[in-house]
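Here are my notes on the model you sent, set out as numbered points. Please read them with the structure open beside you.

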Amino acid sequence: MNHNQANVMKTSIRKSNDRGHANHGWLDSWHTFSFADYYDPKHMGFRSLRVINQDRVAPGGGFGTHPHRNMEIFSYVLEGQLEHKDSMGNGRTLSPGQIQLMSAGSGVTHSEFNPSANQPAHFLQIWIQPRSIGLTPSYTEWHPNPAHENDRKVLVISADGRDGSATIHQDADVWRLRLGAGENIEHTLAEDRGLWLQVIRGEMIVDSQTLHAGDAISTETAGLWNISATAESEALLFDLR
C-alpha cells in the first residue's frame, strides 16, 4: 500500500480453518462463505462474490445432474481432472490450471464428476452474481497460454474478455497469481471497488499480513496494493464492482 494511504487502509482476514467444513466421504469441502448446511451471517459473500468452495472429490465421485439459475459459476482445477456435462450439450474434461465458466442465466442443469479411478480431484468452485437475471445460459473455458505460463499475474476472467480471458456477466476481473519466493506483484484498486485475494498454495504477504493456503484477505480501500510471496505460491485475485 502507498505510504500516504497507510492511515486509511483497512483489510479483513478470512483464515482457512475458520471456514465452514463438510465431509461427505466422496466430497471434502471448505466453504469461505455460507453454503448448503453451513450458515454464518457474517460471511454471506463479498460484493458480487457469493461462493468460494475448495472441493476435493474422491475417485469416481461427483455432483449428479442438478439445476442452477441466475449465477455465474466457474471451477478452477488444481489437481486431477473434472468432467463437466450440461443441458446446453457441453461435455468437457478439464485438467489442472484450466477454468470452466458457466452462466446459468434463465436455467441450466449440469453435472461435475471426477473421471479418475484412482486420483482425487481438487478444485475451487466459485459463484459470482450476474449483473442481471434471466440471461441466456452459456458456457466457456479458459486454458493457460504457454507463452504466459510463468507470468506472475494473468487475467483469467473479465467482463469484456480482454487479453484472452473468459467472459463473465458482471463487472468483475479475476487474476491468477503465481509467485516464486521473493517475488511480488502490484494491483491498483479503483474507487468504489473491492479486492478479494484467495490463497491456493504457498505463503503470501499483503499489508504486512502473512497468508497461507486457504486464507483470504479483502479490502475496499482504493490504491496500490503490493502482494509478495515467501515461497512458491498461487492465488486468485478478485477485483469487483
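1. Which residue in S12 does Ser103 stand opposite? The model, which is predicted rather than determined by experiment, places Ser103 opposite Ser138 in S12. S9 and S12 run antiparallel and are joined by five bridges.

2. On confidence, the chain averages a pLDDT of 95, and 97% of the residues score at least 70. The stretch to treat with reserve is residues 1-7, where the pLDDT is below 50; beyond near neighbours in sequence, this stretch has eleven contacts in the model.

3. The pairing of S9 with S12 belongs to an open sheet of seven strands, whose order is S2-S3-S4-S11-S6-S9-S12 and whose pairing is antiparallel. Strand S2 (20-23) and strand S12 (138-142) are the edge strands, each pairing on one side only. Direction ignored, neighbouring strands of this sheet are turned by 15° against each other on average.

4. At the S2 edge, four bridges join S2 to strand S3 (residues 27-31), and these two strands run antiparallel, with His21 standing opposite Trp30 in S3. The side chains along S2 alternate, in that Gly20 and Ala22 point to one face and are buried, whereas His21 and Asn23 point to the other and are not. The hairpin of S2 and S3 has three residues between the strands, and Gly25 there takes a positive phi near 85°.

5. The loop between S3 and S4 deserves a look, and Ser48 and Tyr39 both lie in it. Ser48 counts as buried because its relative accessible area is 7%, and the cut-off for buried is under 20%. Leaving aside neighbours within four places in sequence, Ser48 is in contact with Trp127, Ile128, Gln129, Gln170 and Leu240. Tyr39, by contrast, counts as exposed at 59% relative accessibility, and, not counting residues up to four places away in sequence, Tyr39 touches Ser34 and Met44. The C-alpha atoms of Tyr39 and Gly20, which are 19 residues apart along the chain, are separated by 8.1 Å.

6. Four aromatic pairs are counted in the model. One of them is the edge-to-face pair of Trp26 and Phe63, at 5.2 Å centre to centre with 80° between the planes. Because Trp26 lies in the loop between S2 and S3 and Phe63 in strand S5 (residues 62-68), this pair ties together parts that are 37 residues apart in sequence. Trp26 is partly exposed at 31% relative accessibility, while Phe63 is buried at 19%.

7. The rings of Phe46 and Trp196 have their centres 5.5 Å apart and their planes at 50°, so this pair is tilted. The pair links distant parts of the chain, with Phe46 in the loop between S3 and S4 and Trp196 in strand S17, 150 residues apart. Both Phe46 and Trp196 are buried, and together with Phe33 they form one aromatic cluster.

8. Finally, the interior: the largest nonpolar core has 26 residues, of which Leu49, Phe74, Ile126, Ile157, Leu236 and Phe238 touch the most other members. Among the elements that give two or more residues to this core are strand S4 (49-57), strand S6 (72-79), strand S11 (121-128) and strand S22 (233-240). A second, separate core of 18 residues includes Trp175, Ile185, Trp225 and Ala235. Beyond its neighbours within four places in sequence, Ile126 is in contact with residues including Leu49, Val51, Phe74, Leu236 and Phe238.

Definitions and conventions
Residues are numbered from 1 along each chain as its sequence is written. Side-chain values use heavy atoms; hydrogens and water are left out. A nonpolar core is a set of buried Ala, Val, Leu, Ile, Met, Phe, Trp, Tyr and Cys residues joined through side-chain atoms within 4.5 Å. Buried means under 20% relative accessible area, exposed over 50%, partly exposed in between (1.4 Å probe, protein chains only). Contact means heavy atoms within 4.5 Å. pLDDT is the predictor's confidence in each residue, from 0 to 100. Two strands pair if DSSP finds at least two bridges between them. Axes are lines fitted to C-alpha atoms, for helices over the stretch in contact, and angles run from 0 to 180 degrees between N-to-C directions. Rings of Phe, Tyr and Trp (its six-membered ring) pair if their centres lie within 6.5 Å; planes under 30 degrees apart count as stacked, over 60 as edge-to-face and the rest as tilted.
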